[in-house]
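Biologist: Please take a close look at one loop residue for me. Tell me where it sits and what it touches, then set it in the whole chain.

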Amino acid sequence: QPQLVESGGGLVQAGGSLRLSCEASGSTYRIHDMGWYRQAPGKQRDLVATISRNLNTNYADSVKGRFTISRDNAKKTIYLQMNSLKPDDTAVYYCNAVADIPFGGPAITAWGQGTQVTVSS
């Protein structure tokens, strides 16, 4: 399966910005949709944003207008630009990828290890 490595998390004041990166490596799978999910302590893991190979995007209502997902297919990397951050955005952010074997193999789902984002009030 692909290996996903996130980076860019950290501590930021409310109203500030962070940019997360996720690079896929270590496999010959063809990667299709990728996305970001987040999970706070005691809560379920929820979708933040997704992006397809042809750059169609989808966002959770809670981040629309503040977060932007983008993709560099040549680098096998996605990004999440987070602006106007709020304390409620505090969570572990996980990268996700849906992939398959070229020429019609079955789809698989891979997850990164997560990166912590903390927004202080």
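**A close look at Ser52**

Modeller: Ser52 lies in a loop, between strand β5 (46–51) and strand β6 (57–59). Keep in mind that this is a predicted model.

Is Ser52 buried or exposed? Its relative accessibility is 12%. The cut-off for buried is under 20%. Ser52 therefore counts as buried.

Now look at its side chain. The side chain of Ser52 makes a polar contact with the side chain of Asn54, at 2.4 Å. Next, set aside the neighbours within four places in sequence. Ser52 is then in contact with His32, Asp33 and Arg71.

A second loop residue makes a useful companion. Arg66 lies in the loop between β6 and β7, and β7 covers residues 67–72. So β6 borders both loops: the loop of Ser52 ends at β6, and the loop of Arg66 starts from β6.

Arg66 has a relative accessibility of 11%, so Arg66 counts as buried too. What lies 2.9 Å from a polar atom of the Arg66 side chain? The partner is the backbone oxygen of Ser62. For Ser52, the partner was a side chain, that of Asn54.

Which residues does Arg66 touch, not counting those up to four places away in sequence? The list is Gln81, Met82, Asn83, Ser84, Leu85, Lys86 and Asp89.

Step back to the whole chain. The secondary structure comes to 11 strands and zero helices. From the N terminus on, one β element follows another. The radius of gyration is 14 Å, close to the 14 Å that the globule rule gives for 121 residues, so the chain is as compact as a globular protein of that length. Along its principal axes, the C-alpha trace spans about 50 × 25 × 20 Å.

How much of the chain is buried? Of its 121 residues, 40% count as buried. Ser52 and Arg66 are among the buried residues.

Contacts across the sequence come next. Take contacts between residues at least 6 apart in sequence. Of these, 56% join residues at least 24 apart.

Last, the surface and the charges. The accessible surface comes to about 6,600 Å². Carbon and sulfur atoms hold 48% of that surface. The chain has 12 positive and 9 negative charges. The mean positions of these two sets are 3 Å apart.

How values were computed:
Residues are numbered from 1 along each chain as its sequence is written. This is a predicted model: local features need pLDDT of at least 70, side-chain atom pairs count only at pLDDT 80 or more; totals for chains, interfaces and linings use all residues. Side-chain values use heavy atoms; hydrogens and water are left out. Helices (H or I, at least four residues) and strands (E, at least two) are DSSP runs, numbered from the N terminus. Buried means under 20% relative accessible area, exposed over 50%, partly exposed in between (1.4 Å probe, protein chains only). A polar contact is a pair of N or O atoms within 3.5 Å; within protein, one must be able to donate a hydrogen and the other to accept it, and residues adjacent in sequence count only if both atoms are side-chain atoms. Contact means heavy atoms within 4.5 Å. The radius of gyration is taken over C-alpha atoms; the globule rule is 2.2 Å times the number of residues to the power 0.38. Accessible areas come from the Shrake-Rupley method with a 1.4 Å probe; for residues, only the protein chains shown count as cover. Lys and Arg count as positive and Asp and Glu as negative; His and the chain ends are not counted. The place of a charge is taken as NZ of Lys, CZ of Arg, CG of Asp or CD of Glu.
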